[in-house]
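The exercises below are to be worked with the sequence and the 3D structure at hand. Each has a task and a stepwise solution.

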Amino acid sequence: MEELSGAQLIAEALRAQNIEYMFGVVGIPITEVAVAAQAAGIKYIGMRNEQAACYAASAVGYLTGRPGVCLVVSGPGFLHTLGGMANANMNCWPLIVIGGSSDRNQETMGAFQEFPQVEAARLYNKLSVRPSSLEAIPAVIEKAVRTSIYGRPGSCYIDIPGDFVNLQVNKSSVKYVECCPPPPISTAEHSAVSEAVSIIAHAKQPLLIIGKGAAYSRAENNIRKLVDLSGLPFLPTPMAKGVVPDNHPNCVAAARSTALLHADVIILLGARLNWILHFGLPPRFRQDVKVIQIDICAEEMGNNVRPAAMLLGDINAVTKQLLEEFSKRPLKYPSNSEWWKKLREKMLNNEERSKDLALQKSLPMNYYTVFHHIRELVPKDCILVSEGANTMDIGRTMLPNYHPRQRLDAGTFGTMGVGLGFAIAAALVAKDRTPEKRVICIEGDSAFGFSGMEVETICSVPPVSLLPNAHYEEIMSAFGGKGYFVNTPEELQNAVKASLADKQTPSLINVMIDPQSERKKQEFPWLTRSNL
């Protein structure tokens, strides 16, 4: 009988669900899972922090529609992923987190890094589960993947006891599960579509708001047809930029506040009336604004503002329904209307103000000047990753997007520290699918500080281990301290002496250790496994 270890079973089950990418920080008890995943053909990327690894895995979910996996150790390693899981859930991005946990026979005994992980994860995930046996692992993984992409996408957590990893099982006793099919496509009720079109036809100052839900559903072709057919002005939310190109004549992003304040009918395409859109409430919106809400999640309908029409379904499919209805009742909003004149006037005024700032010659440069010169050089099809308060907000207005799913930023949760994880994920996906595409990450200095060490991950070849000769001492020197790189005992002693003698300046001594160097042979109780 062929036998499989728990690690191999996890890897094979993930691969059966078309999982391509795994990010993590390995150690006890999940190192073997990363090794097995690579053997199964999954690309594993070793990160420097579990939080950044979780951000990277979630970005894969958004970019590909299939969840990335974050693999982490028990206790503190698991806890570091909570920010990433919450961020994925808030953004509605599919994600799978697999966390090692203490051995089953050591529960309640104070085991190494013991923590109630399944219970803790429930608040941050659509599903939090621990397989009851090795044989159950494929079914659990299929359900987690399916849950992460069906309905409103989100994060799922799978807890793996440490003793499962090396435990053996007969392959014949395992119930394998086929790859879950793509999410079912739901469409809106015909009466709701008809009502929405009627409301739009009677609007005097309509506005189409495109959210990142539209980008995720790959609705760009139908939405562009809708904009061209209807002549409606549109406003993209930050990560929906590019669903319709920013240089489209109907884009009114440069008159955002005016558009929101004066629109009498708003069509929400996969956008939520949350803080990003000021909840849809006065004083940022008209008291009597009519909202047509299109969303895949029924619970989202009516949040903060009661909609005049509710179109429940997949954004792409519902947009197609609207197009079909418009073909029966041709509607072309006039480009010479007073509404368009008002919007164009405000756009021109704001663009002139930004241009004046961008062309200033004073030093140090202001944000607008920096982005103006970056914009002249970056490729139109590049993926832009941006975070930091002013850096992200001003960059959104100054750096246009021409293609969907090519802007990643702090998102619905307003999370700082996502930038480098997102950039790593975007670069991997681009390398496999569009290798000519460049990824450009623009960070504010505070935002960069959250995960700046991931630049080592970016530079690692292959990206599964620490660089043995990384010059960490240069980081200390960059901030005004003293850095020493030492290879010999003499250099080490001299560096220690110099550091101790200087009582004013902090020092960092970077000691080159033989990568093959090991600790002396000994038995650690917390590493002991009954099955070893």
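**Exercise 1. The five-stranded sheet**

Task: in this predicted model, give the strand order of the open sheet formed by five strands, and its pairing sense.

Solution.
- Step 1. The order is E10-E9-E11-E12-E13, and the strands pair in parallel.
- Step 2. Strand E10 (234-236) and strand E13 (309-312) are the edges, since each pairs on one side only.
- Step 3. Ignoring direction, neighbouring strands in this sheet are turned by 15° against each other on average.
- Step 4. Within the sheet, strand E11 (residues 265-269) runs parallel to strand E12 (residues 290-295), and five bridges join the two. Leu-269 has Ile-294 of E12 as its bridge partner.

**Exercise 2. Strand E4 and its partners**

Task: decide whether the residues of strand E4 (residues 68-72) are buried or exposed, and find the strands joined to E4 by bridges.

Solution.
- Step 1. Five of the five residues of E4 are buried.
- Step 2. In a regular strand, side chains alternate between the two faces of the sheet.
- Step 3. In E4, Gly-68, Cys-70 and Val-72 point one way, while Val-69 and Leu-71 point the other way; all are buried.
- Step 4. Strand E2 (residues 21-24) runs parallel to E4 and is joined to it by three bridges. Here Phe-23 stands opposite Cys-70.
- Step 5. Strand E5 (residues 95-101) also pairs with E4 in the parallel sense, over five bridges. In this pair Leu-71 stands opposite Ile-98.

**Exercise 3. The nonpolar cores**

Task: state how many residues the largest nonpolar core has, and which of them have the most contacts inside it.

Solution.
- Step 1. The largest core has 133 residues, and Phe-23 and Leu-311 have the most contacts inside it.
- Step 2. Helix H3 (residues 50-64) gives the largest share of this core, with ten residues.
- Step 3. A second, separate core has eight residues, among them Ala-358, Leu-384, Ile-394 and Ile-442.
- Step 4. Return to Leu-311: not counting residues up to four places away in sequence, the residues it touches include Ala-188, Ala-192, Val-193 and Ala-196. Ile-292, Ile-294, Met-301, Val-318 and Leu-322 are also among them, as are Gln-293 and Asp-295.

**Exercise 4. Two helix residues**

Task: classify Glu-345 as buried or exposed, and do likewise for Ser-451.

Solution.
- Step 1. Glu-345 is in helix H14 (residues 338-358). Its relative accessible area is 61%, so Glu-345 is exposed, the cut-off being over 50%.
- Step 2. Glu-345 lies 138 residues from Gly-483 in sequence, and their C-alpha atoms are 56 Å apart in space.
- Step 3. Ser-451 is in helix H18 (residues 445-451). Ser-451 counts as buried because its relative accessibility is 8%, and the cut-off for buried is under 20%.
- Step 4. Leaving aside neighbours within four places in sequence, Ser-451 is in contact with Gly-417 and Leu-420.

**Exercise 5. Annotated spans**

Task: find where UniProt places the feature "domain: Thiamine pyrophosphate enzyme TPP-binding" and the "transmembrane region", and describe the chain there.

Solution.
- Step 1. The unreviewed UniProt entry places the domain at residues 391-459. This span is 51% helix and 10% strand, with its end C-alpha atoms 24 Å apart.
- Step 2. The unreviewed entry places the "transmembrane region" at residues 410-430. Here the chain is 57% helix and 0% strand, and the end C-alpha atoms are 20 Å apart.

Key. Residues numbered from 1 in each chain as written. Predicted model: local features only at pLDDT ≥ 70, side-chain atom pairs only at ≥ 80, totals over all residues. Heavy atoms only, no water. Pairing = 2+ DSSP bridges. Helix = DSSP H or I, 4+ residues; strand = E, 2+ residues; numbered from the N terminus. Axes fitted to C-alpha atoms, helices over the stretch in contact; angles between N-to-C directions. Core = buried A, V, L, I, M, F, W, Y, C linked by side-chain atoms within 4.5 Å. Buried < 20%, exposed > 50% of the residue type's maximum accessible area, 1.4 Å probe, protein only. Contact = heavy atoms within 4.5 Å. UniProt positions renumbered as here; feature names shortened; annotations may be inferred.
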